[in-house]
Amino acid sequence: MSKNAKATIHKGKIVSFIPTGEYYFKKGIKAYHRRDFLNAKKYLERALQLEPGEPMIACQLAIVSTELGEFEHSNRLLHLILEDLDHEMVECHYFLANNYAHLGFFKDAYHHAMLYLQADPDGDFSEDAEELLELLSFEAGELEDEFYQQDDLIVKQEQARDLLESGYLPKAIEILKEVIEEYPEYWSAYNNLALAYFYLGKPEKAEAILNEVLERNPGNLHALCNKMIFAHYQGRFKYVEQCMASLKKIQPLLSEHQFKLGTSFALVGEYELAYVWLKKLYKTGYDGDGPFYYWLSYSAFHTGHETFAKAIWNKLLELNPEKEGSEPWNDNQDQISGLENMSGSIFQKMESDYVEERLFALFLTTVSNKKEEIITSKKLFQNHKFTALEKEYISWIRSGKPSRTADAQEIAELFYENYQPIGTIEAGLYLMWFSVFAEASKAGVRLKNKRAWAGAVEYTWHKLRSEKVSQQEMAKRYDISTATIGKYVKLVQEFLR
């Protein structure tokens with residue numbers, strides 16, 4: 001840090017006092033020793049802004065963040081120091097061990113405590129690290145059963161997120177419910193559960209979950225963003241504007257929150273705001289995943305930064321090669337970017353525990369540009385989840401022989417005329433239909449009036465999403481009478497119970 005933080009007087013002239021990083025660092029240290037952690041954080045953040053590459057400032061800010069209970073923020077700073085600023089500041093491993101222990105991630109705590117002792121066995125925190133290891137190792141049997149089981153939270157959350165992004169909704173809901181039952185204040189799981197229900201066509205349930213989060217954890221940014229996104233998809237644009245007015249005022253410090261804000265603005269088409277936050281993250285060296293680069297490229301392209309957008313898209317393709325063809329500047333992207341052309345997602349759905357997911361996967365196969373690859377794959381022959389109904393569907397796909405699954409296919413194709421490419425929201429319509437079809441097959445019901453079934457299912461889907469639609473509109477779309485659609489709506493509702 002520089003040493004010229006003091007004002008000086010020379011030959012009768014006043015030299016301007018320009019505070020430096022060291023000046024704010026010292027003020028932060030004084031506040032820390034007074035246990036005035038809020039002011040300590042404020043001064044240290046200012047110091048780090050002035051000298052972003054100074055590991056001592058970052059480390060002290062991490063310590064203060066720990067005192068404030070902001071363990072995740074502290075961990076980000078400590079990892080930044082070890083990975084980018086000064087890998088020889090091994091005491092950061094001890095601080096990480098403490099933070100992970102507080103968060104309940106005991107494997108990570110044990111790992112970093114060991115790293116610290118290996119690097120500096122006689123260091124200032126060696127005794128504390130040994131005590132922590134002793135605590136973590138107390139009754140090793142219980143450690144595995146009680147302490148380490150909490151690490152499953154990360155695994156389950158990541159698994160649920162992957163399922164959610166690939167449209168594998170019922171299984172995602174099942175896992176998220178398990179997480180919430182075990183960790184009733186893990187708000188991220190609630191927010192993802194709300195997304196899953198919304199995509200499945202149950203907006204009222206999704207909204208209720210978000211309202212619960214905001215009641216129990218006021219100001220939760222993810223819940224606020226999700227409310228805006230839901231309103232956007234439902235066409236409640238006045239409410240979207242209200243949400244946006246509030247979200248524009250938020251200046252989050254955590255990269256996770258900046259990412260959520262940026263992607264949420266992008267999802268509702270506010271690319272200028274999205275670009276501000278996502279580009280800011282990019283400049284700080286944010287190690288993003290596929291969605292980060294996807295939305296950064298989109299927001300860059302739609303704000304006139306085409307060269308940058310293309311460079312970022314190349315980074316995305318390194319992570320997700322299947323995105324090739326869905327570039328924001330590609331006029332044909334809508335024909336490429338649906339679930340029907342993601343073979344990995346289709347195979348994943350075929351392994352579902354839910355028959356409607358497996359049937360949906362087989363329909364996706366029929367409209368996929370990778371159909372031949374899928375129907376000739378060993379994965380299809382080796383799938384032990386398929387019941388007689390799915391096997392019958394596969395036989396029809398290959399041979400075209402008459403089958404009840406051919407009727408289900410024809411009804412799904414009626415949806416496909418209006419709902420393609422199939423995204424996570426549209427997937428809800430198809431999942432609803434195949435759920436109805438599975439129950440109708442069990443009951444031995446024939447699917448004679450295909451347009452009536454299609455109209456009734458679509459009407460029910462819109463209603464569950466709280467969208468304005470009348471039976472007369474659906475009757476007109478499918479060229480049937482209003483009385484007929486009313487009759488079939490009752491049948492659909494019976495099969496969905």
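Analyst: Let's start with the vocabulary of accessibility: a residue is buried under 20% relative accessible area, exposed over 50%, and partly exposed in between, using a 1.4 Å probe and protein chains only. This is a predicted model, where local features need pLDDT of at least 70 and side-chain atom pairs count only at pLDDT 80 or more, while totals for chains, interfaces and linings use all residues. Residues are numbered from 1 along each chain as its sequence is written, and side-chain values use heavy atoms, leaving out hydrogens and water.

User: Why is Arg 34 called exposed?

Analyst: Its relative accessible area is 55%, which is over the 50% limit, so Arg 34 earns the word "exposed". Asp 36, at 24%, falls between the two limits and therefore counts as partly exposed.

User: What makes Arg 34 and Asp 36 a salt bridge?

Analyst: The term asks for a side-chain nitrogen of Lys or Arg within 4 Å of a carboxyl oxygen of Asp or Glu. The N to O distance here is 3.8 Å, so the pair qualifies. By this rule the count comes to 13 salt bridges. As background, side chains of opposite charge can pair when their charged atoms come close.

User: How do you know that Arg 404 and Glu 392 meet in a salt bridge, and where do the two residues lie?

Analyst: At 2.9 Å, N to O, the pair is within the cut-off. The salt bridge links distant parts of the chain, with Arg 404 in helix H24 (residues 404-416) and Glu 392 in helix H23 (residues 388-399), twelve residues apart. Helices here are DSSP runs of H or I with at least four residues, strands are runs of E with at least two, and both are numbered from the N terminus. Arg 404 has a relative accessible area of 38% and is partly exposed; Glu 392 is partly exposed too, at 24%.

User: What separates Glu 439 and Lys 442 along helix H25?

Analyst: They are three residues apart in H25, which means about one helical turn between them. Their closest N and O atoms are 3.4 Å apart, and they form a salt bridge. Glu 439 is partly exposed at 30%, whereas Lys 442 is exposed at 68%.

User: How does the span of H25 compare with what is expected?

Analyst: The expected span is 1.5 Å times one less than the number of residues. H25 (residues 424-442) has 19 residues and reaches 27 Å from first to last C-alpha, close to the expected 27 Å. After the helix comes Gly 444, with a positive phi near 70°.

User: Why is H25 called largely enclosed by the rest of the structure?

Analyst: Because 16 of its 19 residues are buried.

User: What makes a nonpolar core, and which residues touch the most other members in the largest one?

Analyst: A nonpolar core is a set of buried Ala, Val, Leu, Ile, Met, Phe, Trp, Tyr and Cys residues joined through side-chain atoms within 4.5 Å. The largest has 87 residues, and those touching the most other members are Met 350, Phe 415, Ile 422, Tyr 430, Trp 433, Phe 434 and Trp 453. H25 gives this core its largest share, twelve residues. Apart from it lies another core, of 38 residues, among them Ala 58, Val 90, Ala 113 and Leu 132. In general, nonpolar side chains in soluble globular proteins tend to be buried together.

User: Which residues is Trp 433 in contact with, leaving aside neighbours within four places in sequence?

Analyst: A contact requires heavy atoms within 4.5 Å. By that rule the partners of Trp 433 are Ala 408, Ile 411, Ala 412, Phe 415, Leu 447, Trp 453 and Val 457.

User: Why does Ser 264 count as buried?

Analyst: Its relative accessibility is 1%, under the 20% limit, so Ser 264 is buried. Ser 264 lies in helix H15 (residues 255-267) and touches Cys 225, Met 228 and Ile 229, residues up to four places away not counted.

User: Buried or exposed: what is Asn 220?

Analyst: Buried, because its 10% is under 20%. Asn 220 is found in the loop between helix H12 (203-216) and helix H13 (221-233). Trp 187 is 33 residues away from Asn 220 in sequence and 8.3 Å away in space, C-alpha to C-alpha.
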